[in-house]
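Here is a set of short exercises to work through with the model open beside you. Try each task before you read its solution.

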Amino acid sequence: MNSMNPLDIYQRMADEAKSREEAKTEKTRILVGTATCGVAAGALKVRDEFVKGIEKKGLDAEVIEVGCMGHCYAEPMAVIAKPGFPPMCYGKLDDGLVNRLVEDYLAGDDPCYEYALAALERNDVFPTFEDFPRGVHEEKLILGQCGYIDAGDINSFLARDGYSALAKALEDEPLAVLNEVKAANLRGRGGAGFPAGDKWEACLSSSENEKYVICNADEGDPGAFMDRSILESDPHLVIEGMVLCAYAIGAQKGYLYIRAEYPRAVRHVQQAIDQARQMGLLGNAILGTKFNFDLEVFQGSGAFVCGEATALVNSMEGKMGLPESRPPRLAQKGYRGKPTILNNVKTFAYVPLIIRNGADWFKSIGTPDSPGTAVFSLVGKVVNTGLVEVPMGTTLRQLIYEVGDGLPNAKEFKAVQIGGPSGGCLPESALDVPIDFDSLHDAGAIMGSGGLVVMDQDDCMVAVARYFLEFTQHESCGKCTFCRLGTKHMLDILTDITDGKGTMESLTLLEELAEDVRDGSLCNLGRTAPNPVLTTLKYFRDEYRAHIEEGRCPALVCRDLILYYIKPPKCSKLCNVCVGSCPTEAIFTREDGLKEIDQEKCVKCDNCLKACPPEYNAIVKLSPPVLPKEKEGAVK
């Protein structure tokens with residue numbers, strides 16, 4: 001039984017936080033997105049420029065650092081919330097634009113609409129993000145506050161009903177939390193889609209008194225940044241989800257396993273833990289009850305295999321980060337041999353929303369077997385790269401063409417790689433596959449942690465399969481033979497094919513090896529590593545055959561199967577740009593004044609192709625690597 005009323009304690013806390021937040025709205029605020037994506041694009045300089053401009057003008061305005069707003073294509077970004085005006089979002093900021101905004105908007109009353117991306121609230125003068133085509137499909141649940149709250153101030157989270165789910169849960173028995181998560185059919189967002197409630201129930205049923213809750217934030221997929229962005233932007237949401245899990249299963253200790261390459265996420269989470277502990281939301285007697293639970297950050301050293309559950313636990317115990325055979329499951333015997341719940345960042349982030357709004361609300365979004373939303377980092381050959389959240393059941397076509405606004409430069413779509421380096425590459429014919437755990441599995445891909453890479457006509461699918469297999473082969477811990485030797489042999493075959501040395505027999509062997517590694521490996525890294533190979537063989541076998549039978553790379557990517565050629569009719573005697581761009585002096589001027597490439601010296605760096613002025617467009621890539629004059633027999 002609770003010794004005090006947690007709701008009353010929470011309400012006083014939340015009311016005070018709301019008063020503080022409301023007081024901030026009385027003056028102008030500039031929210032600068034300083035998640036890692038923003039910082040990489042120059043957000044810290046933008047922040048400093050706003051501060052300098054405000055001080056110079058003597059304005060009563062405050063600059064606040066926030067996280068990722070999801071529109072990474074427009075970084076660095078800022079929202080200006082000025083009393084009397086709807087909050088306006090501005091992107092691709094630089095010194096000049098910041099100075100213009102300070103002069104005309106902060107010091108004057110001109111919102112500079114010509115530079116605005118969108119308004120954040122409905123108004124009569126400017127569209128919001130919801131008015132864009134992507135607004136039809138986006139539904140932000142766990143990303144809803146990312147980029148709009150101060151991750152470094154717990155009051156910013158409390159003022160928006162943060163920790164209200166915890167206060168509500170503590171009024172009831174722990175079993176009520178478990179039942180709600182089970183009823184919501186929340187499936188783990190780490191990739192496998194295992195029902196979180198079933199896992200929690202197995203842990204609860206253990207007779208052990210010592211139990212642990214661990215958040216897997218060891219996100220290491222190339223092109224994936226969902227978990228990092230959530231931790232940088234809204235860390236308290238994840239912490240609240242972990243506390244609710246601990247209450248449901250009876251744990252008193254938890255860890256956030258964050259890779260050390262995410263220093264900003266580590267810093268924000270540690271700061272959030274300290275603040276929550278200080279407010280009585282972590283530690284002993286949480287919200288005045290007898291429930292005790294505390295959290296620590298554990299920094300991983302960046303091995304991809306440590307994203308696998310048993311390898312992660314081994315590394316936390318000071319052992320080699322190697323996977324173990326299961327069962328027993330971690331829920332029965334995990335960290336330090338005790339029952340342990342290990343869930344992904346996103347999985348925990350959904351829990352407070354489910355407890356606050358109910359299982360029926362959650363199930364009303366998405367599909368019957370995959371309720372809720374899916375979060376993706378949309379990258380590659382797509383116009384609007386960034387972080388997106390859409391209901392399960394949204395098709396890949398809607399995600400790429402309506403949320404992502406299609407491919408740039410009028411290029412033709414070729415494939416989408418979904419599920420990280422172990423995911424599958426799906427062709428145009430699969431774009432109408434709905435995004436959910438089961439449909440993607442049937443198509444040969446996996447949901448994975450949410451990485452999604454778009455490829456166009458200029459991407460070679462054999463080279464793509466080789467790239468991802470090289471990543472997983474290098475990250476293999478080497479414990480099991482299938483993964484250690486099988487992926488190495490597969491990589492050798494793929495390298496031969498991209499070098500023009502492949503045979504049809506080796507292609508058959510590649511397919512057999514891929515199936516053996518998939519079926520025989522110990523952990524999911526090995527079992528899913530062949531996915532890029534198997535799906536490209538399934539959907540793009542013609543490209544493999546072209547490499548082997550014709551010595552040709554259709555996408556003009558594989559260096560040993562292409563050469564660079566200057567078309568004499570298009571070359572100008574008055575232009576020497578390509579000559580100057582060549583690092584090996586392979587381009588020379590012929591007696592007639594036109595330019596030619598010495599194929600022996602050419603290293604295929606692509607510089608000349610990029611340097612050639614568009615009015616000439618004289619340089620092309622040829623595959624197979626045969627010069628036109630050699631085809632005609634004019635040159636031996």
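**Exercise 1. Decide whether H71 is buried or exposed, and find what it touches.**

Solution. The model is a predicted one, so take every value here as computed from it.
- Step 1: locate the residue. H71 sits in the loop that runs between strand 2 (61-66) and strand 3 (78-81).
- Step 2: apply the cut-off. Buried means under 20% relative accessible area. H71 has 2%, so it is buried.
- Step 3: list the contacts. Leaving aside residues up to four places away in sequence, H71 touches M77, F129, R134 and T385.

**Exercise 2. In that loop, which residues does a cis peptide bond join? Then look for such a bond at P327.**

Solution.
- Step 1: check omega between E75 and P76. The angle is about -5 degrees, and the bond joining these two residues is cis. P76 belongs to the loop between strand 2 and strand 3.
- Step 2: move along to P327, in the loop between helix 12 (309-316) and strand 9. R326 and P327 are also joined by a cis peptide bond, here with omega of about 0 degrees.

**Exercise 3. Place M88 in the fold and describe its surroundings.**

Solution.
- Step 1: find the element. M88 is part of strand 4, which covers residues 88-90.
- Step 2: check the accessibility. At 1% relative accessibility M88 falls under the 20% limit, so it counts as buried.
- Step 3: read off the neighbours. Not counting residues up to four places away in sequence, M88 touches A78, V79, I80, Y105, Y113, A116, A118, A119 and F126.
- Step 4: compare sequence and space. C68 and M88 are 20 residues apart in sequence, with 16 Å between their C-alpha atoms.

**Exercise 4. Which residues of helix 4 are buried, and where do they point?**

Solution.
- Step 1: pick out the buried residues. In helix 4 (residues 95-106) these are L97, V98, L101, V102, Y105 and L106.
- Step 2: look down the axis. The buried residues of helix 4 fall within an arc of 140 degrees, so they line one face of the helix.
- Step 3: recall the geometry. An α-helix has 3.6 residues a turn, so residues three or four places apart point the same way.
- Step 4: name the packing partners. The buried residues of helix 4 pack against strand 1 (28-33), helix 3 (43-57), strand 3 and strand 4.

**Exercise 5. Repeat the analysis for helix 8, then turn to helix 9.**

Solution.
- Step 1: list the buried residues of helix 8 (residues 196-204). They are A196, G197, W200 and C203.
- Step 2: check the arc. Seen down the axis of helix 8, these residues fall within 120 degrees, so they line one face of the helix.
- Step 3: find the cover. It includes helix 7 (174-184), helix 10 (235-249), strand 9 (340-344) and helix 13 (345-357).
- Step 4: now take helix 9 (residues 226-233). Here 8 of the 8 residues are buried, so helix 9 is largely enclosed by the rest of the structure. Charged side chains are included, among them D227, R228 and E232.

**Exercise 6. What is the sign of phi at C112 and at D405, and is each residue buried or partly exposed?**

Solution.
- Step 1: take C112, in the loop between helix 4 and strand 5 (116-119). Its phi is near 55 degrees, a positive value in a residue other than glycine. C112 is buried, with a relative accessible area of 0%.
- Step 2: take D405, in the loop between helix 15 (396-403) and strand 12 (413-418). Phi of D405 is near 65 degrees, again positive in a residue other than glycine. D405 is partly exposed, at 45%.

**Exercise 7. Step back to the protein chain: how does its radius of gyration compare with the globule rule?**

Solution.
- Step 1: take stock of the elements. The chain has 25 helices and 18 strands.
- Step 2: compare the values. The radius of gyration is 27 Å, close to the 26 Å that the globule rule gives for 636 residues, so the chain is as compact as a globular protein of that length.
- Step 3: add the burial. Of the 636 residues, 56% count as buried.

Definitions and conventions:
Residues are numbered from 1 along each chain as its sequence is written. This is a predicted model: local features need pLDDT of at least 70, side-chain atom pairs count only at pLDDT 80 or more; totals for chains, interfaces and linings use all residues. Side-chain values use heavy atoms; hydrogens and water are left out. Helices (H or I, at least four residues) and strands (E, at least two) are DSSP runs, numbered from the N terminus. The radius of gyration is taken over C-alpha atoms; the globule rule is 2.2 Å times the number of residues to the power 0.38. Buried means under 20% relative accessible area, exposed over 50%, partly exposed in between (1.4 Å probe, protein chains only). Contact means heavy atoms within 4.5 Å. The arc is that of the directions from the helix axis to the C-beta atoms.
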